[in-house]
Amino acid sequence: IDVDTGMLALTFDETVDGSSLEPVEITLVDAVVVKDANLTLSGGSSATAKWLPTTDRTGYTHPDSTVLELYLLKADLDELKRLALCTTQTDCYLVHSEWLVRDQSGMQIVGCV
C-alpha cells in the first residue's frame, strides 16, 4: 500500500475477474494477534472509475489480471493516517472474506482472517 497515493496493489497467484473486486471486503489491521487498530474499507476506485456496489458483484472497473490496483477513498485514506495504520510493513496486514474477488471460473477465493 502506498499511503501517499492511496493505491493498494493486490497480487494473486492466478488471473482473477477484475470486475468482481469488492473493496468493502478488505480490512487493514495493525497486527496479527493483538489488534489495536483496524479499518474496513468503505469503497474504492480503479484508475478509471469509482467502485459501485452491484447485486451481481461486477461493479469494479478493472481488467482481469493477477494484480488488481485499488485506490482508497479519501475518507478511508484519511482514517488510515489518523489511526497510524500501514506506516511500516510491520503494522499493515490485510484480511478479507471469500467475497473479495472471483477467479476466471467464477469461484470465490479463500477468505483470509
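**View 1. Arginine 57 of this predicted model is partly exposed, and its partner is glutamate 22.** Arginine 57 has a relative accessible area of 22%. Glutamate 22, on the other hand, counts as buried, because its relative accessibility is 5% and the cut-off for buried is under 20%. The two side chains meet in a salt bridge, at 3.5 Å from N to O. Follow the chain and you will find that this pair links distant parts of it: glutamate 22 sits in the loop between E1 and E2, and arginine 57 in the loop between E3 and strand E4 (65–71), 35 residues apart.

**View 2. Aspartate 17 and arginine 102 form a salt bridge.** Here the closest N and O atoms are 3.7 Å apart. Aspartate 17 belongs to the loop between strand E1 (7–16) and E2, while arginine 102 belongs to the segment after E5, so the pair ties together parts that are 85 residues apart in sequence. With a relative accessibility of 17%, aspartate 17 counts as buried. If you are keeping a tally, the structure holds four salt bridges; among them are this one and the contact between glutamate 22 and arginine 57.

**View 3. Lysine 74 and aspartate 78 pair within helix H1.** Their salt bridge brings the closest N and O atoms to 2.7 Å. Both residues lie in H1, four residues apart, which is about one turn of the helix. Lysine 74 is exposed, with a relative accessible area of 61%, whereas aspartate 78, at 37% relative accessibility, counts as partly exposed.

**View 4. Helix H1 (residues 74–82) has a buried side and an exposed side.** Which residues of H1 are buried? They are Asp76, Leu77 and Leu80. These residues cover an arc of only 100 degrees around the axis, so they fall on the same side of H1. Turn to the other side of H1 and you meet Lys74, Ala75 and Arg82, which are exposed. The cover over the buried residues includes strand E2 (26–29) and strand E3 (38–40). Just after H1, look for alanine 84, which takes a positive phi of about 60 degrees.

**View 5. Three strands make an open sheet in the order E3-E2-E5.** The pairing in this sheet is antiparallel. Why is one side of E3 and of E5 left without a neighbour in the sheet? Both E3 and strand E5 (93–96) stand at the edges, and each has a single partner strand, so one side of each stays free of a neighbour there. From one strand to the next, the twist averages 20 degrees. E2 and E3 run antiparallel and are joined by three bridges. A handy pair to locate is threonine 27, which stands opposite threonine 40 in E3.

**View 6. Valine 95 lies in strand E5.** What does valine 95 contact, leaving aside its neighbours within four places in sequence? The residues in contact with valine 95 are Glu25, Ile26, Thr27, Cys112 and Val113. For a sense of scale, compare positions with aspartate 76: valine 95 and aspartate 76 are 19 residues apart in sequence and 16 Å apart in space, taken from C-alpha to C-alpha. Aspartate 76 is the residue you met among the buried ones of helix H1.

Note on methods:
Residues are numbered from 1 along each chain as its sequence is written. This is a predicted model: local features need pLDDT of at least 70, side-chain atom pairs count only at pLDDT 80 or more; totals for chains, interfaces and linings use all residues. Side-chain values use heavy atoms; hydrogens and water are left out. Buried means under 20% relative accessible area, exposed over 50%, partly exposed in between (1.4 Å probe, protein chains only). Helices (H or I, at least four residues) and strands (E, at least two) are DSSP runs, numbered from the N terminus. The arc is that of the directions from the helix axis to the C-beta atoms. Contact means heavy atoms within 4.5 Å. Two strands pair if DSSP finds at least two bridges between them. Axes are lines fitted to C-alpha atoms, for helices over the stretch in contact, and angles run from 0 to 180 degrees between N-to-C directions.
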